[in-house]
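Work through these exercises with the sequence and the model side by side. Each task is followed by a solution in steps.

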Amino acid sequence: MSVEKNTRKLDEGIVRDFSSRMSYASYLQLPTLLSAQHPVSRPEHHDEMLFIIQHQTTELWLKLVLHELRSTAAWLRDDDLGSALKGIARVKHIQKTLTEQWSVLATLTPTEYSQFRGFLGHASGFQSSQYRAVEFILGNKNGKMLSVFESDPEAHAMLEQLLNAPSIYDEFLAYLARQGFEVPETVLKRDVTQAHEFTPELLPLFKHIYENAADNWPAYEACEELVDLEDNFQLWRFRHLRTVQRTIGMKSGTGGSSGAAFLQKALELTFFPELFAVRTEIGQ
C-alpha cells in the first residue's frame, strides 16, 4: 500500500495561516493552560503530573458548575423555572464527569503517592475556594470556613458574598411562595448565612406537590431535579472518600484535616432535607 493512499488529503479550504487570525490555541489560551503544570517533587516524580492535572481539571469543572448555579439562582428569582431546570440539568452532567474522574486518580497507588506527598506541604483540596463556593450556593454554609481564605482576598470576598446570599434552595422556596404555595414565613425570612436545617413545617407543602404531581408538574419536576443534584453530590463525596481511603488510608490530610474521617462526616450533610424526608410521608 502506498503512503499516499493511506494519508488523508487536506481540504483545499482549510485555513493554514494564523499569523493574523485567531486560532484554536489562542482562543483557548492553550499556551497558558498547558504550561500551568509545575511538579514540585525533586527529583520529579512521574505520577505527580496526574495529581496536578486531576485537580486542575476539577477546578475548571467547578468553575462551570458555579457559573451555572449562579445563573440558576438568578432565573429562579425571575420566576424562569424552565431556564433554571436547564441549568441544573447541565450541572448534573458535570457532576457525573467529576465523579468518574476519581477513577483516574485511583490509579495512583499508596506507594506512588507517598513518594511525592511530602513535597505538597500544607496544600490540600480542603482549601479549594470553588468547592466551598458550590457548597455555599447549594446551602451547606459555614462562616468559619472563611478564615481558611483570609490570605486570598478574592476567594474570601467570593465566599463572603455567597455566605450572605440566598442559596438555590432558598430561591426555590421563595419561587414556590410566589406561585401561591404555602411556604412558612419563618422559612422565607430565615438567616441565609446559616446552613438550612430540616424544617418539619415544609413537609405538608412537599407532600401536597408530590401527591398531586399532575396538577403541580413544574414544582414536582423541580423537586426531583434538586434530589438528583444532591444524589450526584453525595456520590461525588463518596467516591472522594473511597479514593482517599485507598490512597492514604486513615492518615491526616495535608491541610490538617482528619482526612478520610473528615470526609466521612460530610456524607451526613444534606442540602434539601425535606425533599428526602417527604418520601416517608407520601401515601400516609
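**Exercise 1.** Sort the lining of the largest cavity into nonpolar, polar and charged residues.

*Solution.* This is a predicted model. Start with the volume: the largest cavity holds about 110 Å³ of space. Next, list the lining: Leu 62, Val 65, Leu 69, Val 91, Gln 95, Leu 98, Tyr 131, Val 134, Leu 138, Leu 229, Phe 233 and Trp 236. Now sort by class. The result is 11 nonpolar, 1 polar and no charged. Gln counts as polar because it is in neither the nonpolar nor the charged group. Last, place the lining on the fold: H3 (48–77), H4, H6 (129–138) and H11 (217–248) each give at least two residues.

**Exercise 2.** Which helix gives the most to the lining of the second largest cavity?

*Solution.* The structure has 2 cavities of 30 Å³ or more. The second largest has a volume of about 50 Å³. Its lining consists of Leu 76, Leu 81, Ala 84, Leu 85, Ile 88, Ile 168, Phe 172, Ala 222 and Leu 226. H4, H8 (168–178) and H11 each supply at least two of these. H4 gives the most, with 4 residues. By class, the lining has 9 nonpolar residues, with no polar and no charged ones.

**Exercise 3.** Is Thr 99 buried or exposed?

*Solution.* First locate Thr 99: helix H4, residues 81–105. Then take its relative accessibility, 16%. Buried means under 20%, so Thr 99 counts as buried. Finally, check its contacts. Leaving out residues up to four places away in sequence, Thr 99 touches Asn 232, Leu 235, Trp 236 and Arg 239. One of these, Trp 236, also lines the largest cavity.

Key: Residues numbered from 1 in each chain as written. Predicted model: local features only at pLDDT ≥ 70, side-chain atom pairs only at ≥ 80, totals over all residues. Heavy atoms only, no water. Buried < 20%, exposed > 50% of the residue type's maximum accessible area, 1.4 Å probe, protein only. Contact = heavy atoms within 4.5 Å. 1 Å grid on protein atoms, 1.4 Å probe; cavity = no way out; pocket = protein on both sides within 12 Å on 5 of 7 lines; lining within 4 Å. Points joined across faces, edges and corners; volume = space filled by probe spheres on them.
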